[in-house]
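Welcome! Please take a moment to look over the sequence and the 3D view before reading on.

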Amino acid sequence: MSCKICSRPIKEKGYCSLHLKAYQNIYEKFGVWEKALEVSWMDYLVKISKNSLTGEWAKEVVEHLIEDESRNVKEK
Ligand SMILES: [Zn+2]
(Lines give C-alpha, C1' and ligand atoms only; values in the text may rest on other atoms or scores of the structure.)
Protein backbone atom coordinates (compact mmCIF):
# COMPACT_ATOMS: atom_id res chain seq x y z
CA MET A 1 0.00 0.00 0.00
CA SER A 2 1.21 3.48 -0.82
CA CYS A 3 0.15 7.03 0.04
CA LYS A 4 -3.24 8.19 -1.34
CA ILE A 5 -1.49 11.04 -3.11
CA CYS A 6 2.01 9.96 -4.04
CA SER A 7 3.71 6.58 -4.23
CA ARG A 8 5.63 6.76 -0.95
CA PRO A 9 4.91 4.17 1.75
CA ILE A 10 2.04 4.92 4.16
CA LYS A 11 2.86 6.30 7.57
CA GLU A 12 -0.67 6.84 8.97
CA LYS A 13 -4.28 7.48 7.80
CA GLY A 14 -3.38 6.51 4.24
CA TYR A 15 -0.76 9.22 3.90
CA CYS A 16 3.02 9.11 3.72
CA SER A 17 4.91 11.05 6.41
CA LEU A 18 5.11 14.21 4.29
CA HIS A 19 1.45 14.30 3.30
CA LEU A 20 0.45 13.26 6.83
CA LYS A 21 2.29 16.28 8.20
CA ALA A 22 0.53 18.55 5.72
CA TYR A 23 -2.81 16.98 6.61
CA GLN A 24 -2.22 17.50 10.33
CA ASN A 25 -1.38 21.17 9.74
CA ILE A 26 -4.53 21.64 7.70
CA TYR A 27 -6.63 19.91 10.31
CA GLU A 28 -5.18 21.91 13.20
CA LYS A 29 -5.71 25.21 11.42
CA PHE A 30 -9.31 24.27 10.71
CA GLY A 31 -9.99 24.21 14.46
CA VAL A 32 -8.91 27.85 14.65
CA TRP A 33 -10.85 28.91 11.55
CA GLU A 34 -13.95 27.09 12.66
CA LYS A 35 -14.05 29.02 15.93
CA ALA A 36 -13.20 32.38 14.42
CA LEU A 37 -15.16 32.30 11.18
CA GLU A 38 -17.67 29.46 11.56
CA VAL A 39 -16.67 27.93 8.26
CA SER A 40 -17.54 24.38 7.28
CA TRP A 41 -14.84 21.81 6.52
CA MET A 42 -15.59 22.03 2.78
CA ASP A 43 -15.61 25.86 2.70
CA TYR A 44 -12.32 25.82 4.53
CA LEU A 45 -10.77 23.36 2.09
CA VAL A 46 -11.90 25.40 -0.92
CA LYS A 47 -10.53 28.59 0.66
CA ILE A 48 -7.10 27.20 1.36
CA SER A 49 -6.89 25.50 -2.02
CA LYS A 50 -7.25 28.97 -3.59
CA ASN A 51 -4.77 30.58 -1.22
CA SER A 52 -1.43 31.18 -2.91
CA LEU A 53 0.31 30.92 0.48
CA THR A 54 -0.73 27.28 0.85
CA GLY A 55 2.30 25.07 0.34
CA GLU A 56 2.64 22.49 -2.41
CA TRP A 57 2.24 19.49 -0.09
CA ALA A 58 -0.77 20.97 1.64
CA LYS A 59 -2.39 21.80 -1.69
CA GLU A 60 -2.12 18.19 -2.84
CA VAL A 61 -3.74 17.02 0.38
CA VAL A 62 -6.49 19.65 0.13
CA GLU A 63 -7.32 18.68 -3.45
CA HIS A 64 -7.56 15.08 -2.38
CA LEU A 65 -9.81 15.95 0.57
CA ILE A 66 -12.11 18.03 -1.64
CA GLU A 67 -12.46 15.10 -4.04
CA ASP A 68 -13.24 12.79 -1.14
CA GLU A 69 -15.75 15.22 0.25
CA SER A 70 -17.62 15.71 -3.03
CA ARG A 71 -17.77 11.94 -3.49
CA ASN A 72 -19.35 11.60 -0.02
CA VAL A 73 -21.93 14.24 -0.85
CA LYS A 74 -22.91 12.44 -4.05
CA GLU A 75 -23.29 9.14 -2.24
CA LYS A 76 -25.69 10.58 0.35
ZN1 LIG B 1 2.36 11.13 0.00
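Here is a short tour of a metal site, a helix face, a pocket and a few single residues.

## The zinc site

Keep in mind that this is a predicted model. A good place to start is the zinc ion, whose protein donors are Cys 3 (SG), Cys 6 (SG), Cys 16 (SG) and His 19 (ND1). These donors lie 2.0 to 2.3 Å from the zinc ion. The angles among the four donor atoms run from 105 to 115°, and the site is tetrahedral.

Along the sequence, the donor residues follow the spacing C-x2-C-x9-C-x2-H. Cys 6 and Cys 16 both sit in the segment before helix H1 (17-37), so this pair ties together parts that are 10 residues apart in sequence. Both Cys 6 and Cys 16 are buried.

## One face of helix H2

Next, turn to helix H2, which covers residues 41-50. Its buried residues are Trp 41, Tyr 44, Leu 45 and Ile 48. Looking down the axis of H2, you would find these buried residues within an arc of 100°, so they line one face of the helix. A general rule helps here: an α-helix has 3.6 residues a turn, so residues three or four places apart point the same way.

## The largest pocket

The largest pocket holds about 230 Å³ of space. Its lining includes Ala 22, Asn 25, Ile 26, Lys 29 and Trp 33, along with Tyr 44 and Ile 48. Asn 51, Leu 53, Thr 54, Gly 55 and Ala 58 line the pocket too.

Which elements give two or more residues to this lining? They are H1 and H2, and H1 gives the most, with five residues. By type, the lining residues divide into seven nonpolar, four polar and one charged. Two of the lining residues, Tyr 44 and Ile 48, are also among the buried residues of H2.

## Residues worth a closer look

Val 61 belongs to helix H3 (residues 56-75). Is Val 61 buried or exposed? With a relative accessible area of 0%, Val 61 is buried. Its C-alpha atom is separated by 17 Å from that of Gly 31, which is 30 residues away along the chain.

Most residues other than glycine have a negative phi. Lys 13, in the segment before H1, has a positive phi of about 55° although it is not a glycine. Glu 38, in the loop between H1 and H2, also has a positive phi, near 55°. With 71% relative accessibility, Glu 38 counts as exposed.

Methods:
Residues numbered from 1 in each chain as written. Predicted model: local features only at pLDDT ≥ 70, side-chain atom pairs only at ≥ 80, totals over all residues. Heavy atoms only, no water. Buried < 20%, exposed > 50% of the residue type's maximum accessible area, 1.4 Å probe, protein only. Helix = DSSP H or I, 4+ residues; strand = E, 2+ residues; numbered from the N terminus. Arc of directions from axis to C-beta. Donors = N, O, S within 2.8 Å, 3.2 Å for Na, K, Ca; no water. Tetrahedral: all angles 85-135°; square planar, octahedral: opposite > 155°, others 65-115°. 1 Å grid on protein atoms, 1.4 Å probe; cavity = no way out; pocket = protein on both sides within 12 Å on 5 of 7 lines; lining within 4 Å. Points joined across faces, edges and corners; volume = space filled by probe spheres on them. Nonpolar A, V, L, I, M, F, W, Y, C, P; charged D, E, K, R; others polar.
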